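Colleague: I am new to reading models like this one. May I ask you how each term is justified?
Modeller: Go ahead.

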There are 2 protein chains.
Amino acid sequence: MRKRVNALAEQLLETLEQQGYRSTSPRRAVAQVIANQDKHFTAENLREQLPSLGRATIFRSLKLFVETGVLCRVLLEDGDLHYQLSHRGHHHHLLCVECGSSQDLLGCDIEELLQQTSASHGFELSGHWLEVYGRCRSCSKSESSAELAAV
Amino acid sequence: MRKRVNALAEQLLETLEQQGYRSTSPRRAVAQVIANQDKHFTAENLREQLPSLGRATIFRSLKLFVETGVLCRVLLEDGDLHYQLSHRGHHHHLLCVECGSSQDLLGCDIEELLQQTSASHGFELSGHWLEVYGRCRSCSKSESSAELAAV
DNA sequence: ATCATAAAAGATACCTGGTCTCATTAAGAG
DNA sequence: CTCTTAATGAGACCAGGTATCTTTTATGAT
């Protein structure tokens, strides 16, 4: 398990290196921490876990990891933007509002639908942002148990 | 034209009053200004136009106008959140990345599609956020003219 | 018309996200 | 091992946004 995590961190760094960025000790530290996150997080969360790093460095690393496709940004229901590990390429998230976990939404024909709809509004589509909120399988299960218990 | 604008501002205030909020002079000023905006705007934009109002008051008014359904928040492509006049109820925006104008996206069966897709991921859907980016009719026209001219 | 009271405003401090500059340090190519 | 360039850290700065506290003001009751 620990080995797994370190492997992931190394993988993240490799991604940077492959794109011509240096592997520095702050970046190694950041990679280590984000590889350990199981849900979306903020710059501040990172800072708490890496108090020795400069503020600017945190933000620069985040930006870099987003640019290189290691991280993506997720929009929370209240409008806050958080970061999370990204499984490359364009995708959407099913965000659990209960536990903060997220699943990727794949094989969704929303692109096509949007294309049609925009065109019918005289709109030349160039991009979109979609986030989906709800309860993941395990949270909706415990939710129902709680309801039963309350009766 | 001027009369129209004032009428809209009054309408916004009425919405507040109907929901039990007082009609104060700062709120009248804010209503006046937002009734005049033709695209999305930030708190800072508002502050520039209303330098005599306290900062907190600006934010409080914005929040209030959002809560009462007068304003809605729009997510820009870069993650910035702006405000714009809302035509009540749940809807999405077609945001022109060129001129900043926006159209409402109506009669889109995305809800249904999302419902199905989430269910197939064991996800109990509770909400979503969608923004669509592109070029509005008039901007894509002038874009093509520019291209032609450049040749 | 006045008055009480609750709501709202303004000032201010604070927190977070995020960028910029500038001087110093360190990665890694040769 | 050295040189160059990228990256860091400190710090100032700006915007969004909230909390607290004191003063003002809108409105309902008299």
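**Two copies, two DNA strands**

Modeller: One point to begin: the copies meet through the same surface, because 100% of the interface residues of chain B are also interface residues in chain A. Contact here means heavy atoms within 4.5 Å.

Colleague: What should I know about the numbering and the kind of model?

Modeller: This is a predicted model, where local features need pLDDT of at least 70, side-chain atom pairs count only at pLDDT 80 or more, and totals for chains, interfaces and linings use all residues. Residues are numbered from 1 along each chain as its sequence is written, chains are lettered from A and ligands numbered from 1 in the order in which they are written, and side-chain values use heavy atoms, with hydrogens and water left out.

Colleague: Why are the two copies said to be related as by a two-fold rotation axis?

Modeller: Superpose them by least squares on the C-alpha atoms of residues with pLDDT of at least 70 in both. Chain B then lies on chain A with an RMSD of 0.1 Å, after a turn of 180° and a shift of 0.0 Å along the axis. The copies are thus related as by a two-fold rotation axis. In chain B, the C-alpha nearest that axis belongs to Leu130(B), at 2.2 Å.

Colleague: What makes a residue count as near DNA strand D?

Modeller: One of its heavy atoms must lie within 4 Å of the strand. Around DNA strand D there are 21 residues, and Thr24(A), Thr57(A), Arg60(A), Arg55(B) and Tyr83(B) come nearest. Sugar and phosphate make up 56% of the strand D atoms within 4 Å of the protein.

Colleague: Which distances make Thr57(A) and Arg60(A) polar contacts of DNA strand D?

Modeller: The rule is a pair of N or O atoms within 3.5 Å; within protein, one must be able to donate a hydrogen and the other to accept it, and residues adjacent in sequence count only if both atoms are side-chain atoms. The side chain of Thr57(A) puts an N or O atom 2.8 Å from a phosphate oxygen of strand D. For the side chain of Arg60(A), the partner is a base nitrogen, at 2.7 Å. Both pairs fit the limit of 3.5 Å.

Colleague: Which element gives the most to the surface near DNA strand D?

Modeller: Helix 4 of chain B, with five residues. Helices (H or I, at least four residues) and strands (E, at least two) are DSSP runs, numbered from the N terminus.

Colleague: What about DNA strand C: which helix gives the largest share there?

Modeller: Helix 4 of chain A, with five residues. A polar side-chain atom of Arg55(A) lies 2.4 Å from a base oxygen of strand C. The side chain of Tyr83(A) has an N or O atom 2.8 Å from a phosphate oxygen of that strand.

Colleague: How do you know that the buried residues of helix 5 of chain A line one face?

Modeller: Buried means under 20% relative accessible area, exposed over 50%, partly exposed in between (1.4 Å probe, protein chains only). Ile110(A), Leu113(A), Leu114(A), Thr117(A) and Ser118(A) are the buried ones. Down the helix axis they fall within an arc of 125°, so they line one face. That arc is taken from the directions from the helix axis to the C-beta atoms.

Colleague: Which residues are exposed on the other side of helix 5 of chain A?

Modeller: Glu112(A), Gln116(A) and Ser120(A). After helix 5 of chain A comes Gly122(A), with a positive phi near 70°.
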